[in-house]
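Work through the exercises below with the sequence and the model side by side. Each one sets a task and then solves it step by step.

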Amino acid sequence: MHRWSKLFIPTLREAPTDAEVASHKLLLRAGYIRQLGAGIYSYLPLGQRSLNKIIAIIRDEMDKIGQEFLLPTLNPVELWQESGREAVMGQNLFHLKDRKGAELVLAMTHEEVITSIARNELRSYKQLPQVWYQIQTKFRDEPRPKSGLMRVRQFTMKDSYSFDIDAAGLDKSYNKHDAAYRAIFTRCGLEFVAVEADSGAMGGSGSQEFMVYTEAGEDLIASSASGYAANLEKATSKLTPLEDLAPTGDGMPELVHTPGKASIADVTEFFGIHASQDIKCVAFVGLTAKAESVPRPVVAFLRGDHQVNETKLAAVTGVTELRPMVPLELEVHIGGPAGFLGPVGIREVMTQGSLNGLNSGKELAKLKGVLRENPSEGLKSIVVMDLGLQGRANLVAGANQQDYHYRNVTPGRDFTPTVIADIRNINEGEPDPISGEPLRLGKAMEIGHIFKLGYKYSESMNARVLDANGKEVMPIMGCYGIGVERILTAAIESSAARFAAESSTEQYALPASIAPYEVIVTITNVREPELLQAGEDIAEKLEKAGVDVLLDDRDERAGVKFKDAELIGVPYRINIGKKLADGQVELVDRLTQKTEDLAVDSVTQHLVALLAASKQ
RNA sequence: CGGGGCGUAGCGCAGUCUGGUAGCGCACCUGGUUCGGGACCAGGGGGUCGGAGGUUCGAAUCCUCUCGCCCCGACCA
């Protein structure tokens, strides 16, 4: 029997000022967590109970499709150099040295370790498929830990890895995870959406993120009534074709003096056109992970009313990082000043000659150095045009000289991009690509991610098995993660948002499946022996019926106990009070905010039924 | 890493500008009253004012350096 009077549940009336988002404040106030450093938290008994319940659900579902491991967090750095991820992850990976000076890293995921086991132990296709998982602490030296448990440096993650003999096998393993994840999040009481996602630094092809809509989230996702859902990084839409301007003059690009008209707004006003008829130019320097690689200029053209999506642009151009060009770079690579950049006559290949006449600066000197060493190659710009400009005609664009624009610019005729691709962010309300339903954009947080990794690690770490023909082949892999603390955080954020909308109060109630206790029995006054006794009896009966019950037997005033019970997020409360004289107690359902009076004898049965129903 | 803010009792804060015995509310301890929505009265405990150095007769307060935390951005399986 868990009696509050004997437990450590340090609730706070006020939240520390450090806490900003609802879940962070509530976790602190409810005595679930305490902060030790930036992005480092202790889990107090209540928090640990809740996390343990989440882990139990994950484990239950994962055991149906895989086998659990416990893997080392301390990894030799060589392992990460082998996979190439030491370089890719850079500062995000915690590094340390042992007493002998050997370099170690703290694992942020376990692809390397699991693949090293696989390559050492798996020999035959007969041993495949395998699904291996682990639930343990992972480390990331986040540049900016924030929002309580949402973005931290040390956290619990369920990670699993699948090994299959071929792509069809991987599809099966991937789909099993998809189903398991849906079961897990549903059992945790979350309302989630699965979205198409960018695979990012993990590499690989197919990928889905499991997201929970919340204002505290860090991602933007797009979804529609048709069921289409995608991360903004990946979301596409079906745009209706636009009617373009009629050509003027001889129909060829015509130089127009546009003094001081450097912004899209200025230009469209000057020409009396809509922003969709203007060509926007956004210029970047693209970098790859390799230290010796030469930065490539990446120039993007898109509709004036569209926003460039750097994730898509990076994927299309094959670079891993994009940064905006500085003014000197604009001059060198494109040949025009900011505000008057355009596709007509853009310098596509940078040579020593094209640098002549430019003022020298540090970056220019460096660039000249690169070209001197590699004069024949030059520096090729990658010119990417967004699909929104395809088939368009007679648009307005910068002329790459101060205070001049062109009109009658027609893509394909007046300039030829290296690549034509979708490189923009979709906007709210655009038709989805499946059925044309309007897209809704919303903030969300990621709670899980499944990837088809492919051969990335099998190849870099040299894992091989023999197939049915006795031929050596690489196993194909998938990897699948769930953020354990994020499930708790998402549940609190969702519930808190609902309470805030309905009653403008800062409170929450957790689903019974992941709450630290399923029910709290509140004895309104422990000095009245009948109340105390009735509370003890009911709590005991509940416990015998298999209910996870907390008995609030503290000698506190009723108001304090009610507030505390609400703070810790337990979904059901039984009040033992005055009505006991009539043989009745109150059952409060925190989720529906409804209270009903029940006979002392029937309350256990009633609650058991409610809990069973909530787990459906 | 860029920008902004904050470090004074467990929590929330005042005091810093203008140097002069470190305060308030909540929480905590003792006694009493109260007892269904964060009670009241009386008494009490608790602080190297983030740290180091400096200026000064005297520093929470002024100066220099430093550490930490939060927010925005960059970043982010």
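**Exercise 1.** Which element supplies the largest share of the surface near RNA strand B?

*Solution.* Keep in mind from the start that this is a predicted model. Begin with the elements that each supply at least two residues of the surface near RNA strand B, which are strand E2 (33-37), strand E9 (154-164), strand E26 (440-454), helix H15 (558-567) and strand E32 (572-576). The largest share, 8 residues, comes from H15. Next, sort this surface by class, which gives 15 nonpolar, 13 polar and 16 charged residues. Finally, pick out the residues that come nearest to the RNA, which among the 44 around RNA strand B are Thr-109, Arg-140, Arg-144, Met-157 and Glu-566.

**Exercise 2.** Describe which parts of the RNA face the protein, and find side chains that make polar contacts with them.

*Solution.* Take the atoms of RNA strand B within 4 Å of the protein: 49% of these belong to sugar or phosphate, and the rest belong to bases. For the bases, look at Arg-151, which has a polar side-chain atom 2.5 Å from a base oxygen of RNA strand B, and then at Arg-573, where the corresponding distance to a base oxygen is 2.9 Å. For the backbone side of the RNA, turn to Glu-14, whose polar side-chain atom lies 3.3 Å from a sugar or linking oxygen of the strand.

**Exercise 3.** Examine three salt bridges, and decide for each whether it links distant parts of the chain or residues about one helical turn apart.

*Solution.* A search of the whole structure finds 34 salt bridges. In one of them, Asp-171 pairs with Lys-452, with the closest N and O atoms 2.7 Å apart. This pair links distant parts of the chain, since Asp-171 belongs to helix H6 (residues 167-187) and Lys-452 to strand E26, 281 residues apart. Asp-171 is partly exposed, at a relative accessible area of 33%, whereas Lys-452 is buried, at 18%.

The second case stays inside H6, where Arg-182 forms a salt bridge with Asp-178 at a closest N to O distance of 3.1 Å. The two residues are separated by about one helical turn, because they are 4 residues apart in this helix. Arg-182 is partly exposed, with a relative accessible area of 33%, while Asp-178 is buried, with 16%.

The third case is in helix H14 (residues 529-544), where Glu-540 and Lys-544 are again 4 residues apart and therefore separated by about one helical turn. Their side chains meet in a salt bridge at 3.6 Å, N to O. Here Glu-540 is partly exposed, with a relative accessible area of 39%, and Lys-544 is exposed, with 71%.

As a last step, look for a group instead of a pair: Asp-60, Glu-61, Lys-64 and Arg-187 are linked in a network of salt bridges.

**Exercise 4.** Why can helix H1 be called largely enclosed by the rest of the structure?

*Solution.* Count the buried residues first: H1 spans residues 22-29, and 7 of its 8 residues are buried, so the helix is largely enclosed by the rest of the structure. The buried ones are Ala-22, Ser-23, His-24, Leu-26, Leu-27, Leu-28 and Arg-29. Then ask what they pack against, which is E2, strand E3 (40-43), helix H13 (484-503) and H15. After H1 comes Gly-31, which has a positive phi near 75 degrees.

**Exercise 5.** Is His-110 buried or exposed, and which residues is His-110 in contact with?

*Solution.* Locate the residue first: His-110 sits in the loop between strand E7 (103-106) and helix H5 (111-121). His-110 has a relative accessible area of 0%, and is buried. Leaving aside neighbours within four places in sequence, its contacts include Leu-71, Pro-72, Thr-73, Asp-159 and Tyr-161.

**Exercise 6.** Find backbone geometry that departs from the usual pattern.

*Solution.* Most residues other than glycine have a negative phi, and most peptide bonds are trans. Against that background, a cis peptide bond joins Leu-128 and Pro-129, with omega at about 0 degrees. Ser-147, which is not a glycine, has a positive phi of about 55 degrees, and this residue lies in the loop between E8 and E9. Asn-408, also not a glycine, has a positive phi of about 65 degrees; this residue lies in strand E23 (residues 404-409) and is buried, with a relative accessible area of 2%.

Conventions:
Residues numbered from 1 in each chain as written. Chains lettered and ligands numbered in written order. Predicted model: local features only at pLDDT ≥ 70, side-chain atom pairs only at ≥ 80, totals over all residues. Heavy atoms only, no water. Near = heavy atom within 4 Å. Polar contact = N/O pair within 3.5 Å; in protein donor to acceptor, adjacent residues only side chain to side chain. Nonpolar A, V, L, I, M, F, W, Y, C, P; charged D, E, K, R; others polar. Salt bridge = Lys/Arg side-chain N within 4 Å of Asp/Glu carboxyl O. Buried < 20%, exposed > 50% of the residue type's maximum accessible area, 1.4 Å probe, protein only. Contact = heavy atoms within 4.5 Å.
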